[in-house]
Amino acid sequence: MSKRYTITAALPYTNGPIHIGHLAGVYVPADIYARYLRLTGNDVAFICGSDEHGVPITIKAKKEGVSPQDVVDKYHAIIKKSFEDFGISLDNYSRTTAKIHHDTASEFFTTLYDKGEFIEEVTEQLFDEEANQFLADRFVVGTCPKCGNEESYGDQCEACGTSHNATDLINPKSAITGNTPTLKQTKHWFLPLDKHEDFLKEWILKGHKKDWKPNVYGQVKSWIDDGLRPRAVTRDLDWGIPVPLPDAEGKVLYVWFDAPIGYISATKEWAEREGKDWEPYWKDKNTKLVHFIGKDNIVFHCIIFPAMLKAEGSYILPDNVPANEFLNLEGNKLSTSKNWAVWLPEYLEDFPNQQDVLRYALTANAPETKDNDFTWKDFQARNNNELVAIFGNFINRVVVLTNKYYNGIVPEPSNFSQVDNETLAAVKAYPAVISSSIERYRFREAGQELMNLARLGNKYLADEEPWKVVKEDEARTQTIMFVALQIASALATLSEPFLPFTSNKLKAILKTTSNTIETSWNDVSTKDILLPIGHQIGKAELLFSKIEDETVQAQVDKLLATKKANEAANKKVDPEKDTISFEDFTKLDLRVGTILEAEKMPKTKKLLVLKVDTGIDIRTIVSGIAESFTPEEVIGKKVTVLVNLAPRKLRSVESQGMILMTETPEGKLVFVNPDNENITNGLQIS
């Protein structure tokens, strides 16, 4: 029976493009769910949009010397295109700077205000005297009171995930000037979450103990057990939705309050465009509301937004919030600020028309219950060993053999063997198996069941060997190929939620895109024949191509270069040493020299034994430079030598001086040497 669903995907923040962590955590699972529900005949509104208010956008605008609107316009377009490019089948992608959103959020605030749902308080907020402005949470950095992270933001510590107020930070600093802020009084409106604590306990802790994911339930329980407190819904800022009250000049709605209302305004925008009524999607108790988010958004979607909806009084509450954990990249946490990410536009430049490979790899390794790691080697293995070797191989063999034996026409089967009947029965069982996983938000499991169907097809062909049977039994070969073609048709339909581009390509090959022969999800489990006898299919095309070692190595090298650049940028200059007198300095006898000979010292990694012409004499100097230079590289080098350093034995070799070196941010040693060709050995440096 058809059901109405409102599916929301977390609004991406428009201060940068999106990366694979966003796809894996939110948008691919949400898209799989939405596509599946449509395929099974449900009424679906799949909603998202750009989150375009808040402090990080104003920070970025100041850095780039542009307006906040310029920033959000740029990244809204980039993000929207990325979703289109990767087949995220949103019914509407809106934005929170749209007039319909400003109107909807203002109306929502006014409704709660008129019902007396807010507390009005004059509080002390952090204020930057030099910048002459109150400091929004992201403009404050200090030590987290819970875990001691010294770079916690004013609203949330990214190290431990704890949310707090900016005034809770230890040793807070302004991110604008670096000054220690002062406390100054300001008036704001608060949502008293403590008032809704009993309702939240009943609704979540009792009502959703068994059907919500343990990671989501556990985080919510922890918040409620700690005791909920009033949370500000307004703030002092000039970028956002103005608070719709006469005594609120210079104040806007807090971004956490206005952003989730964006789901509602985006639904309104979609319904208006499509000639629908938006209200049943948000106010009919028969509608199922599901929020897809990452774990950093759990508190907002499971506690704060439901409290807002409950306070308003006419809205339904989410049926489920299947939040995922985080995806790491090559063993390190994804970081936009450090460029430790695989950006979607860059991926498509390097892997054109291979969106489904990334979708599949991310689904197969989805961080559904714990943080997971994306590696390029696993990405390659998923493609080569599964998509190419199993799925692609099966389809290619079926299509090639059908064209070879029957000119692309589906043959008429004769008597089905026990293996044929068992295989066809197994195909019919797959929709229910995959459905069960999807409806329990186990997308990784569902994706593997799809691949198991391809495995079934591969095994069937390998066991029945039509390329051998055709020489002896034409009728049997026709039956084998008929069964194989039914499996191929099932794959074309059941792969759509996971591999939409591949599904379309396969349907085009099988010529099943017309209404007369198009197969629904339920058809796979109920119909005996999916591809009818006599139907003409097309020619073979490769669905997937092998990814070579050098291709993924190039991606690894790109990340390693990023890591080195980050290390170089973060490398701190050593502090100045204690002051010495001029007389102390004059005691140093620095001379120009030339390295005449060099060899590695046996049984050491770091030491080279050098013969150096100092202009005074030729002497032996042992230098710890072997990890940066080969002996051949240093012979003939002009160097700076401290010649009056007391001799010192290193591994039984007496070293008679020291060569001056420095180190690059990447850790490579560099000679500190005179670069004028006319400088001769023995000249003093002073």
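## Exposure and how the model is read

Buried means under 20% relative accessible area, exposed means over 50%, and partly exposed lies in between (1.4 Å probe, protein chains only). By that yardstick, K206 is exposed, at 62% relative accessibility.

This is a predicted model, in which local features need pLDDT of at least 70 and side-chain atom pairs count only at pLDDT 80 or more, while totals for chains, interfaces and linings use all residues. Residues are numbered from 1 along each chain as its sequence is written, and side-chain values use heavy atoms, with hydrogens and water left out.

## A bridge within one helix

K206 pairs with E202 in a salt bridge (a side-chain nitrogen of Lys or Arg within 4 Å of a carboxyl oxygen of Asp or Glu), with 3.6 Å between the closest N and O atoms. Both residues belong to helix α5 (residues 197-206), four residues apart, or about one turn of the helix. E202 is partly exposed, at 48%.

Helices (H or I, at least four residues) and strands (E, at least two) are DSSP runs, numbered from the N terminus.

## A bridge between helix and strand

What does D73 form with R95? The two form a salt bridge, and their closest N and O atoms are 2.7 Å apart. D73 sits in helix α3 (residues 68-85) and R95 in strand β3 (residues 92-95), so this pair ties together parts that are 22 residues apart in sequence. D73 is partly exposed at 34% relative accessibility, and R95 is partly exposed at 21%.

## Another pair, a network and the total

K587 and D584 also meet through their side chains in a salt bridge, at 3.8 Å from N to O. K587 is exposed at 56%, whereas D584 is partly exposed at 35%. Elsewhere, D31, R35, R359, E496 and K507 are joined into one network by salt bridges that share partners.

The count of salt bridges comes to 41.
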